[in-house]
Amino acid sequence: MMVKILKYFVVTVIGIIILAALIATPLIIKARSEGERMYEKYDSYTREVLAQKFDLKPYPIKPEYQKMHPWKALKLFKILFQSQEGEKLARVNTLDATMGLFMKMYTLLMRPNYNFNLPMFSVDFIFIGGKRVFVIEVIDPAHIEDDNIKKHYAQMRARMPEVEQFEHMDIEMEWCKDIVTDFSIHINAERADDELLFDIYKTYLNAYLDMAQNAEPLSPEMSIKVQEGIEGYVSSLLAKGGPAVNVFKTLLGPEKQKEYVRTVMFGLDK
């Protein structure tokens, strides 16, 4: 009798697992397709605008960092990385990440040439079915004010009343609160907010790129201030941590993480 009960239990459990898989599979496929569609929407728009405003060339990075699909993460993370460079934008980096079975992330990081008074521009958008994580950071370690900076910062800040309606994320990075501008965005949102989020992104992206186009060369003294500010930010990020760099520490280990962040993400080392 016990054997029959055990067989019945095993058959029942297997049946439940198969049924759950059959139910879940269409939902996973739908969520993954939606994530890929949203990624393409942001990526294609960004590439189009960049091509209109700047002459960028591919920047070579080590093959091991162009595609990362580590066993350490049970092959559940797949990251594709592309990098470009130009006169005023020393690095324009795009990261295409797939996490788990259906989470998709679009990442953009622009680091300016030190000879121009520009902040860094960092974007992380995560699509998890109908959920959205929406992060835009304007990172300004040098704090050199000029009319060009003020004008385009004002364009970004003008969208903040719309941003205030969303659920804000708690970012435990006190050390950089004076470096990441007060009109940076860290929110959770829903599928229904997609058009508004995309419109806000377009405002921020175009304001940043127009600011870069209009940036005038700095004096050698001010250029050093920009360089020291950016390099100091990256060093603090590695020392004190942040959501993205902590993930790469887990995936790559401490030494490779340092190389990846400094050389690939921010392009500080050759």
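Which residue forms a salt bridge with Asp 43? Let's take a look around this predicted model.

## A salt bridge in helix 1

The partner is Arg 47, and the closest N and O atoms of the pair are 3.0 Å apart. Both residues sit in helix 1 (residues 2-53), and because they are four residues apart, about one helical turn separates them. An α-helix has 3.6 residues a turn, so residues three or four places apart point the same way.

How much of each partner is covered up? Asp 43 is buried, at 9% relative accessibility, while Arg 47 is partly exposed, at 32%.

## More charged pairs

The count of salt bridges comes to 16. One of them links Glu 162 to Arg 159, with the closest N and O atoms 2.6 Å apart. Here Arg 159 is buried at 10%, and Glu 162 is partly exposed at 28%. Shared partners also tie Glu 34, Arg 132, Arg 191 and Asp 194 into one network of salt bridges.

Arg 91 pairs up with Glu 85, and their closest N and O atoms are 3.9 Å apart. Arg 91 is buried, with just 4% relative accessibility, whereas Glu 85 is partly exposed at 31%.

## The nonpolar cores

Now for the greasy bits. The largest nonpolar core has 44 residues, and Phe 121, Phe 134 and Tyr 201 are among those touching the most other members. Helix 5 (residues 194-214) supplies the largest share of this core, with eleven residues. Another core, of 38 residues, lies apart from it and includes Ile 79 and Phe 248.

Leaving aside residues up to four places away in sequence, Phe 134 touches several others, including Tyr 42, Ile 185, Leu 197 and Tyr 201.

Definitions and conventions
Residues are numbered from 1 along each chain as its sequence is written. This is a predicted model: local features need pLDDT of at least 70, side-chain atom pairs count only at pLDDT 80 or more; totals for chains, interfaces and linings use all residues. Side-chain values use heavy atoms; hydrogens and water are left out. A nonpolar core is a set of buried Ala, Val, Leu, Ile, Met, Phe, Trp, Tyr and Cys residues joined through side-chain atoms within 4.5 Å. Buried means under 20% relative accessible area, exposed over 50%, partly exposed in between (1.4 Å probe, protein chains only). Helices (H or I, at least four residues) and strands (E, at least two) are DSSP runs, numbered from the N terminus. Contact means heavy atoms within 4.5 Å. A salt bridge is a side-chain nitrogen of Lys or Arg within 4 Å of a carboxyl oxygen of Asp or Glu.
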